[in-house]
Every structure is written in structure tokens, then in C-alpha cells.
Amino acid sequence: MTLPILVYLLHINPVTSSAYSLFVVGTTSLVGAITYMRQRQVDYRVALVFSVPSFVAVYVSRHFLLPAIPETLGAVGPLMLTRNGLIMVLFSLLMLGPALSMIRDGGRTGRVGRTKGLKLPLIGAEGALVGLLTGLVRAGGGFLIIPALVLLARLPMKMAVGTSLLIIAVKSLIGFTGDLRHVAIDWPFLLCFTLLSITGVFIGTYLSRYVSGSRLKKSFGYFVILLGVYILLREVS
């Protein structure tokens, strides 16, 4: 959610917004992960298997693939294709597939401990794919990580959220350090925005006690679809 809010509501350019979103998402996720750790809602084994290939893929995509994309890609009819526009369109399209999977998965919440055998390589491969894609769109990737943990690792929704927070925190903060050399940071604004986000984490964690995992999963899926469609329509128009 952070990247669309910064771009569309606060009118910050996508490059700066992507750097800001990494800091906001990383810091907020770290605070949230600590809260879920205390509740024993983090699967550290899954986090490790998912994270290592994801970190490598993020580094490769941000340092080699992204710089290779030119600022202006050309024109299709009256539309001028730019790198920033491509990033936002890709971002929106990536949101739709996982969201639909979450909704189709219905009320199944998964079961802890079913990550043995062939599932571990699949989780690692999914981590690499998510790292590659989120490195290109320069976002935390929670909308991809949570469905992967629910559908592949078969984690209950709330444990998937807690585990994803730990993964996102480390991945995003590492990515942000790489942007410090290229982006001018407005620290007062960034710290204020981050503080508000952290406040939201505590409110959301409290409210999650009163929402079932299956209902939370479906609601998350529908929300991600609405946000993805909005971004796509906004960029195309």
C-alpha cells in the first residue's frame, strides 16, 4: 500500500517513493514482526528458506536489471511508455494473481509443519521469484509473500502475516541502504510517515484478535484486487 499512497495521494515521484516505501515498510514490518514473535506467530524455518534466495534476487534485480531499463521505452499509439509507468503497471499486475489465489483458496487456513520434502525447494524458488519481481517494482512485496506462504507453505493466515513481516523487514531495509546513494531523503517527512505507519501496526494487531484467519484472507485478497485495478486504470489513463 505504501508505494501507491506516496505516488498517488502525496504526489511524490515513483523513484523517490520506492526508496521511501522500502524504509517505511521495513521499519513498520520490523515492529510488527517483534509483536508477532511475542505471540509465537512466526515460522523461522520458512522465513529462512524463503529469505535467502529472495535477498539474492533483490540484489541482482536492483543492481543489474533495473539500471538496464531506459527511462523512455517508446510510444504505443498516443501512449508514451516510461520506466516509471512500466514499474507501476507491473506492480498492479503482480497484485492481481496472488489476490485471486487467496480468494479461491477459500476458508482453508493451512497447517503448520507441512513444509517438508519438496515444499522447501518450492518455497525457496518462490522466494527468488518474489525477490526478483519486488526488486524491479521496488516495493516490500507483502502482497506476493503472504499468498506464497499461505498457498505453498500452508501456513495459517496469521502466522503467514507474522513470518512475512520478518522477511519484509530485513529485505526492505537492506534495499533501502542501496538507495541512500541515489535518492535525496526528506528525513522529517519520512520519519513522521513511518511513525504513523507503526501506530497502524499496533491498531491492526489488536483488531486481528477479533477477525478469523479465513475472513482476513479473503478480505485481504479483495482489497489487493481493488488496489491493483485502481493503479492499472490510473496508469493507462
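**A quick tour of a mostly helical chain**

Buried residues make up 48% of the 237 residues in this chain. Keep in mind that you're looking at a predicted model. Its nine helices come with two strands, and reading from the N terminus the order is α-α-α-β-β-α-α-α-α-α-α.

**Overall picture**
- Among contacts with a separation of 6 or more, 81% join residues that sit 24 or more positions apart.
- The accessible surface adds up to about 11700 Å², and carbon and sulfur atoms account for 70% of that.

**The nonpolar core**
- The largest nonpolar core holds 28 residues, and Phe50, Ile145, Leu149 and Leu155 have the most contacts inside it.
- Six helices are worth finding here: α2 (14-38), α3, α4 (83-104), α5 (119-137), α6 (142-151) and α7 (157-179) each chip in at least two residues of this core.
- The top contributor is α7, with eight residues.
- As general background, nonpolar side chains in soluble globular proteins tend to be buried together.

**A look at Leu149**
- Leaving aside residues up to four places away in sequence, Leu149 touches Val46, Phe50, Arg154, Leu155, Ala160, Thr163, Ser164 and Ile167.
- Two of those partners, Phe50 and Leu155, are also on the list of residues with the most contacts inside the core.

**A look at Ser51**
- You'll find Ser51 in helix α3, which covers residues 44-65.
- Ser51 counts as buried because its relative accessibility is 7%, under the 20% cut-off.
- A polar atom of the Ser51 side chain lies 2.4 Å from the backbone oxygen of Ala47.

Conventions. Residues numbered from 1 in each chain as written. Predicted model: local features only at pLDDT ≥ 70, side-chain atom pairs only at ≥ 80, totals over all residues. Heavy atoms only, no water. Helix = DSSP H or I, 4+ residues; strand = E, 2+ residues; numbered from the N terminus. Buried < 20%, exposed > 50% of the residue type's maximum accessible area, 1.4 Å probe, protein only. Contact = heavy atoms within 4.5 Å. Areas by Shrake-Rupley, 256 points an atom, 1.4 Å probe, with all protein chains shown as cover. Polar contact = N/O pair within 3.5 Å; in protein donor to acceptor, adjacent residues only side chain to side chain. Core = buried A, V, L, I, M, F, W, Y, C linked by side-chain atoms within 4.5 Å.
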